Structures are given as C-alpha cells and as structure tokens.
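Please open the model in your viewer with the secondary structure drawn as a cartoon, and keep a selection tool at hand. The stops below go from the whole chain to single residues and back.

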Amino acid sequence: MTSEAPVTPSGRGRGRAMPSSRRLQLMTLAFLVAFGALTVRLFWIQVVEHPFYAGEAAHQQSVDVVTPALRAGIYDRNGTILAVSRPTSVVIADNFQIKDPATEAQQLTNFVHVPVPKLTAMLSRRSGYVILNDHLDIATGHEITKHNFAGIVVQSSAQRVYPNGSVGQSLLGGTNVNGGSAGLEYQYEHLLAGQAGKTRTFVSPAGFVLPGSPSRVIQKAKPGVGLELTIDTSLQYITERDLAVQIHNTGAIAGSALVMDVKTGEILANASLVNTKQNPGVLGPIPAWGHDVGAKGIQQTINNLPFSQAYEPGSVFKLVTFSAALNNATITPTTPFVVPNAVRVGGRYFHDAERHGTLHLTATDILAQSSNIGTYLVAKTVGASGILAQVERLGFGQMTDLHYPGETAGLLINAANYHPSDNVALPIGQVDAVPPIQVLDAYNAIANGGVFVQPKLVRGYVYADGSVKATPPSARRVALSPSVAATLNKMLEKVVLAGTGTNAIIPGYAVAGKTGTATIPRPGHDSLLVGSYNASFVGYAPANAPVFSMIVVLERPVTTIFGGEAAAPVFQQVMSYALHRWGIPSNGTFVKPLTGSKASLASDVT
C-alpha cells in the first residue's frame, strides 16, 4: 500500500497571526492623528478665527437699542415749571418664558398696579410682548429688576408732565411717541429732545430683551436744551380764567387774548380757548386739548388762535387810517368833518352802525365813536395808496419773527386787486384778514412811541448744568414818528374815556385803546354770516407811560356782539391784575366814564 503525505498549498495556507502589540500601536497612531487634526482645527477656530466667530455670534444675539435722551423742560419767566419729562420705567412681559402666569401675577401685582385677574390674563397671552405698565416710577422699576421675575424686562422711558395742568397748553402744545406734536413742543423739538444714545444688549430669538442680560453703553444720551419763556404763569392763569368766563357768559364760539410788554415785545400771556358746547356751524370745528378751563366746556385750542386764525378785524383796523392821515399831516385831532349816515361807493352801500342825521364831528370824535363813514372821509384825505402803504408800515400781512407753528401772515388786498368799494371797506377793517398778534403789534408800536418791536416768546435757553443763555433782544424799527404816536395816544384815550371803550376803564390809570365789532364772511361765498361777528378790544396802560399792551377777541358772541361790551371787560380785568402784580404805580387820577359818553355812534359794527 502506498501512502500519501498531505499537501499544503503554497501561499494559501494559514499565515502567521499579527502580534497584538503591533495592532495597538496602529490604532493609537490613528487616534493621535485624528486628535491632532481636531486640536489644530479647534485651535484655528477658537484662537485664529475667534474674532470672526465672536462677531458673528454677537451679531446674531445682540442688538443696539436706542436710548432716548431725557426731554428738556419748559419754564416761565420766573422759573416755574410748565413742562417737564419725568423718568419712568416700562415693564414688559415676554410671556413665552412664563410657565405659571397665575403665580407670577400674584407676585407682580403690587409692583405694576394691575389687578391679579387682569394681570394673569396679560401674562397668559401667547404674544411674546405685553406692556404691563408704561409709566412706573424708577424706584419700583429697579425693585422689579432685582427680583428677576421670569420673562419680565424693565426698560427706561419718560413721561411728559405739565405741572400746572392745562395752563398755557395752547401755547406749549404737546408731545407724542415721535416727540413734539404741536406748539412750542413741536417748534423747538430739535433743542428739547436732545441727542439719543445707544446701548448694546442681548435678545432672545424672538427679538426681545433677555432678563438679566448684560448691556453696554455704546453712546451716552445727551439731554435736551430747555426753554425759559416770556410767559408769567400767574398772569397766564388769570387771562385764561377771565377769558373763559366771558366766552361762557356771552355764548361765544371761541376767544383769544395776548398780553405784551410794550418795550421788549415779550408776550406775558397767551390764551386761546374754544367753547365746545357751541356748534361752530359752517366754519368747522376748532380742535381742543380736552381740558376744561375756567368754565365747563371751555377748553384750550390745539391751534393757537392769536397766531393761526386770520379774521377781518373791523374797527380796530381804523388805527391804520388815522395814523396814515396824521403821518401825512392831512388831519389833526380837531379837524372837522361833516358826516352823513351812509354813502354808496363802488356799487356798495355803507352806513354807520346806528342811523343818524348829518353830524359835525372832529377826527377825534370819529375815532372815539367809531364812525364808519367818518373814517372813510378821513381815508379820502390820503387816498388808497396812502392807506395801503400804512398797512405795510404797521406790519400787517407779515409773519412775525416768532414763526410760531401754524402762524398765518393773513390775507391782504393790494393795488392790483383794489376795487372802488375798498376805498371804504379797507379803512374800516372789512377787506383784509389778519391774526390778532398783528393787531396787537400795531397798537404796541403806538404805545412804544412809534417804535415797532417784534413779539418774543423765548427769553433764554436752559442747559443741563442749570445755566441759561439769554436770547437776543427783539428786532425794532421806527413805524411812526414820536409826535404822531403821541397824538394817536391821546385820541385812543378818548375812545376809552368818552367813546365805545368805557368798559376798559381802570380806576386810577389812564387807558388807551380801540373797540372792534367785525362782520364774518361766509367761506367760499360773496356774502356774510348773518348775525355773526367778531368782538375785539385792543389797548394799553398806563396810557401816560405805557407798560403793557393787550388784545382780546371773541368769536361770535351771542348775548352781545359789540367789542366794547364783550371784549373790553376782559381787558379791564386782566390789565388791572397785571398792573397790580408788577406794582405799576397809579397816576393818581380816578377815571370814570364821562356823562353822556354813549353817543349816537357808540358802536363799531363795520
């Protein structure tokens, strides 16, 4: 038997096993290579590229929040605060972060002053942003921050406050979320608002500030510059109160009044009121701030009427006619005129307020009794060109240097559109429409010896450190010669002593002024509002050494339409207060109406 040995395939049989130590070395090497690569990558990201990724992270998680500057205050001439911004805290809830609204409401209720049931409902809304209180005091805001309530953020804000209530509101105006919305608050927004700052803070993915997140001031806010006004708060209050009572008593639609320092042009009081109970009819409503003044339903207007409302001034405009004639030396106070009851000029019929026969009156009598026809005769002595030139000379139709928001220059006729009937209408104040401030400016020039002085409302600028920078004096120019102004002064005294303005008499003081009772045109029509008039009085005191000038205008009074009866009493009351408040000495003369002062023309309806 033959036996065979087993055959082992060459290269295909069992190989030698790799030692375990060799295998471990290879695995360790692979691990070290991988770890080294990872380390290098991490080093590159965390060290080399750190600034880039840090910037990207900050960009995605942080936001620059505008921090508004604290709005500067407004003060009267004596430092009394008229408007101030009070720092407040705004409490905001990100209710996505609040897990137990009921419990948190119990904890928060005494801080935010919201009842628990209402607060629970607010915290339960799935909106992510709910304002719980937007005018909380700063101290309480800090307390809330210390408690770290879940989902609650406290931000700084401010609330505009008017410590004297509605006093002067028509002049001051108001604010909204965008800043000043009307009046001086709007006009001086660029100063009062200051310069906003910038704070960088972290936000949630929804864009809300994270509670307790760190913040960094990028740019500090700069406080605004405050205003020191020419207004005297006490006189402002008295003016508004007395005007409001007279608007109520006469049933007028609205009323306005201004008190001015004769020499400086500083406006000491600026009142503008509307009777919200009266139907304004075809002229439309006068917007109001909604705060009663002096009488129920009498409120501050949003539009400051002494600057924004042009009206046909009526007989107070006769100052233009008489000053032109005196300036051109065509009359003297004693020049005699033969005055009929009526005339027809340019197809229009003009007459005096009360029917009368032919009268023999001096120029002074014509002004005192406010004769329309007599004024026309005076105007004829200088002609249309002389009257038109005098209108411009006295500042009518021209914006004041104040450029108050909404101020109107008025509407004037000129030589190009002059109609023959305007030879009567213009001299008696029927054609031109002007704001009350322009009427007061003209009379103030007479009181100031013929020098026209621009009105002024801001005495100085108040800085954050308490310093005050005075504003320049008002611009001045000569409008009339001192002799003409002095002559007119005496004639205007006669208006108060023995003419239509006896209700403006102030015992112990000489008073000069003029009444006006003007018809009101119907808008868009060549006709008048039947039975509707503007009643006004403008004057100054003491007439022998003028200190204060003042105008009062009542729109459409009902119980009486005459300026001497509706407007002059307000002048008398307010001017009396002003003279005593400033300690202006009496001239020692007790003045009372002269016997028989109610002449046949003792009315001034034009």
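How many helices and how many strands does the secondary structure of the chain come to? In this predicted model, the count is 19 helices and 25 strands. Before selecting anything smaller, colour the whole chain by burial: of its 606 residues, 51% count as buried, and the chain exposes about 28,200 Å², of which carbon and sulfur atoms supply 57%. If you also draw a contact map, you will find that, among contacts between residues at least 6 apart in sequence, 72% join residues at least 24 apart.

**The open sheet**

Next, select the strands of the open sheet of 7 strands, whose order is 13-14-12-11-25-24-23 and whose pairing is antiparallel. Strand 13 and strand 23 (512-521) stand at its edges with a single partner strand each, so each has one side without a neighbour in the sheet. From one strand to the next, the twist averages 25 degrees.

Begin at the edge formed by strand 13 (residues 288-293), which pairs with strand 14 in the antiparallel sense over 3 bridges. The two strands form a hairpin with 1 residue between them, and Gly 294 in the turn has a positive phi of about 70 degrees. Follow the hairpin away from this turn to Ala 288, which stands opposite Thr 301 in strand 14.

Now select strand 14 itself (residues 295-301), which is mostly covered, 6 of its 7 residues being buried. Strand 12 (residues 267-275) also pairs with strand 14 in the antiparallel sense, over 3 bridges, and here you can pick out Val 274, whose bridge partner in strand 14 is Gln 299.

Further along the sheet, select strand 11 (residues 254-261) and strand 25 (residues 548-555), which run antiparallel and are joined by 8 bridges; one pair to label is Ala 254 with its bridge partner Glu 555 in strand 25. Then add helix 17 (residues 482-498), which lies across strand 23 and strand 24 (528-541) and runs at about 70 degrees to strand 23.

**A buried helix**

For the last stop, select helix 13 (residues 372-380): is this helix enclosed or open? Since 8 of its 9 residues are buried, helix 13 is largely enclosed by the rest of the structure, and the buried residues include Asn 372, Tyr 376 and Leu 377. At the start of helix 13, show the side chain of Ser 371, one oxygen of which reaches to within 2.9 Å of the backbone nitrogen of Gly 374.

Notes. Residues numbered from 1 in each chain as written. Predicted model: local features only at pLDDT ≥ 70, side-chain atom pairs only at ≥ 80, totals over all residues. Heavy atoms only, no water. Buried < 20%, exposed > 50% of the residue type's maximum accessible area, 1.4 Å probe, protein only. Helix = DSSP H or I, 4+ residues; strand = E, 2+ residues; numbered from the N terminus. Polar contact = N/O pair within 3.5 Å; in protein donor to acceptor, adjacent residues only side chain to side chain. Contact = heavy atoms within 4.5 Å. Areas by Shrake-Rupley, 256 points an atom, 1.4 Å probe, with all protein chains shown as cover. Pairing = 2+ DSSP bridges. Axes fitted to C-alpha atoms, helices over the stretch in contact; angles between N-to-C directions.
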